[in-house]
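Dear colleague,

Please find below the structure that I am handing over to you. My notes on what was found in it follow the display.

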Amino acid sequence: MKVSNIFMLILIFMIGILTGCGLGFDHTLFMTKSNIGVDIDTKPPTAEISVARRELVIAPSFEGGQIPPVLAGFNTGNRLLFGFDVSSVFAGGDAALTLSKSGKGETHGAKLCLNQPPIGKPHIGPISLGGDYPLPTAGEIHPFVFGTDTSFGLKVAWSGMTAQFPDTVKIGFNRKELAYAPVFGQEAPKNEDGTSTVPDCKYSVEMPAFLASIEVGADVSSPQSFNSKYRQSFSTGAAAIELAGDLSVKKLMLSRLDISSQKAATIIETEKEKVTKIEKYITNSSGNIDNAKLQDLLSKSQAGSPVVITDTVIKKINSAKTPNEVKELLFDPLDAAIEPLYKCLPTENQ
Amino acid sequence: MSATIRIIVKSDKDDALVAESKLQQKGYQTTLSETSNVVLDGTNLGGHLDILSDPDNVVFIVIGTKQ
């Protein structure tokens, strides 16, 4: 990090304290900045790629080293003359925790548990700067600032001299993400004798959930197959937590974790699509199970895959009362039965 | 509500890792073990007694538990 950048950080921090906004005490500042420039040309042969990424968090840290969770992920893949991919995830609070683990989101999952209400006392070394920063608590309102700024530009040129491949690709991607979130504290209710009703979490600390994600991809292998996608999400509160549990968003993070997770996420997405088609096929016009179709499907798939579609599996599927129950059973735990059943769907239903 | 336990046996480690990750993404707590001797005894439930092995004598067991 450059000296000027360090100076800027200290300046932000000091301004935060001196203006009384409690940055790093009762507020968390989380920001990232990404910039990618790609310039590939065949005349003259040139390949320039520059990636710049900055991340910063200023957050309060409490007893035991606990910190309100934030998470940022950034991924870029350059296919030179054939395309370009970039994805980014930016989250805090319950949404960050949900993104970092498997399963769906849980409200208040990122809650920090303390033994007593914390009070911030800013100082530089031994010199006290004066003032106390208790956390805002029940009955108080504090602004929450959250925003992103994105620009994406793509230029592809085909001269015809390089067959169907482009001879010039220029890409620019720039994104800034910022969240300035208040950190709230809440004391657990007390019994009549003054002891806490929640001894393990006498005082809890949380910050609002937020999530921003973006996925940009461009396939430029030929003018005929030119294709680009742009998907972006921006959410706060319960919507952010719910969305963070969605595999399509998790996948943006998983692509940075490991290949097994990425493959698993892709398999699950495919399974979801197939199970939805199976559900649609066995649903009659009243929304109930079309038993004739279901039994026919089970019978055909058992004939084709007797090791997977066993009598026990058929019995379990037949115990479902609604098409949705069949769908949920197939998704988990009977996911091994999805493929044999899907293969036996009429072609027009696949 | 009772827990669901899933046991998956794979002959390839990469496949086992994908199966484990898949269970994790579906909300299971998992363990992955490598062994050469796997005996499945479901006879008390009217099921099969089976010995699972692979030509190179190594199999991978993924056990997932979901509440």
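**Strand pairing in chain A**

In this predicted model, A157(A) stands opposite T168(A), a residue of β11(A). That pair belongs to a setting in which strand β10 of chain A, residues 145–157, runs antiparallel to β11(A), with 13 bridges joining the two. β11(A) also pairs with β1(A), again in the antiparallel sense, over 15 bridges. Within β11(A), R175(A) is the residue that S34(A) stands opposite.

**Nonpolar cores of chain A**

The largest nonpolar core holds 33 residues. Those that touch the most other members are V89(A), A91(A), A95(A), F210(A), L211(A), A240(A) and A244(A). Several elements of chain A each supply at least two residues of this core, among them the strands β1 (27–42), β3 (70–78), β4 (83–92), β11 (168–182) and β14 (210–219). The helices α2 (94–100), α3 (237–244) and α4 (247–257) of chain A likewise each supply at least two. β11(A) thus appears in the strand pairing with β1(A) and also among the contributors to the core.

V89(A) may serve as an example for inspection. Leaving aside its neighbours within four places in sequence, V89(A) is in contact with L71(A), A72(A), G73(A), L99(A), S213(A), V249(A), L252(A) and M253(A). A second core, separate from the one above, has 18 residues and includes I282(A), L297(A), L298(A) and I309(A). As general background, nonpolar side chains tend to be buried together in soluble globular proteins.

**Chain B**

Chain B has 67 residues, of which buried residues make up 22%. Its secondary structure consists of one helix and five strands, and from the N terminus on these elements run β-α-β-β-β-β. Of the contacts in chain B between residues at least 6 apart in sequence, 61% join residues at least 24 apart.

**Contact between the chains**

How many residues does each chain bring to the contact? Chain A gives 12 residues and chain B gives 10 residues. On the side of chain B that touches chain A, β1 (4–10) and α1 (13–25) of chain B each supply at least two residues. The largest share of that side, six residues, comes from α1(B). By character, the residues on this side of chain B divide into five polar, three charged and two nonpolar.

With kind regards

Conventions
Residues are numbered from 1 along each chain as its sequence is written. Chains are lettered from A and ligands numbered from 1 in the order in which they are written. This is a predicted model: local features need pLDDT of at least 70, side-chain atom pairs count only at pLDDT 80 or more; totals for chains, interfaces and linings use all residues. A nonpolar core is a set of buried Ala, Val, Leu, Ile, Met, Phe, Trp, Tyr and Cys residues joined through C-beta atoms within 7 Å. A residue is buried if 20 or more other C-beta atoms lie within 10 Å of its own, exposed if 12 or fewer, and partly exposed in between; C-beta atoms are placed from the backbone. Helices (H or I, at least four residues) and strands (E, at least two) are DSSP runs, numbered from the N terminus. Two residues are in contact if their C-beta atoms, placed from the backbone, lie within 7 Å. Two strands pair if DSSP finds at least two bridges between them. Ala, Val, Leu, Ile, Met, Phe, Trp, Tyr, Cys and Pro count as nonpolar, Asp, Glu, Lys and Arg as charged, and the others, Gly among them, as polar.
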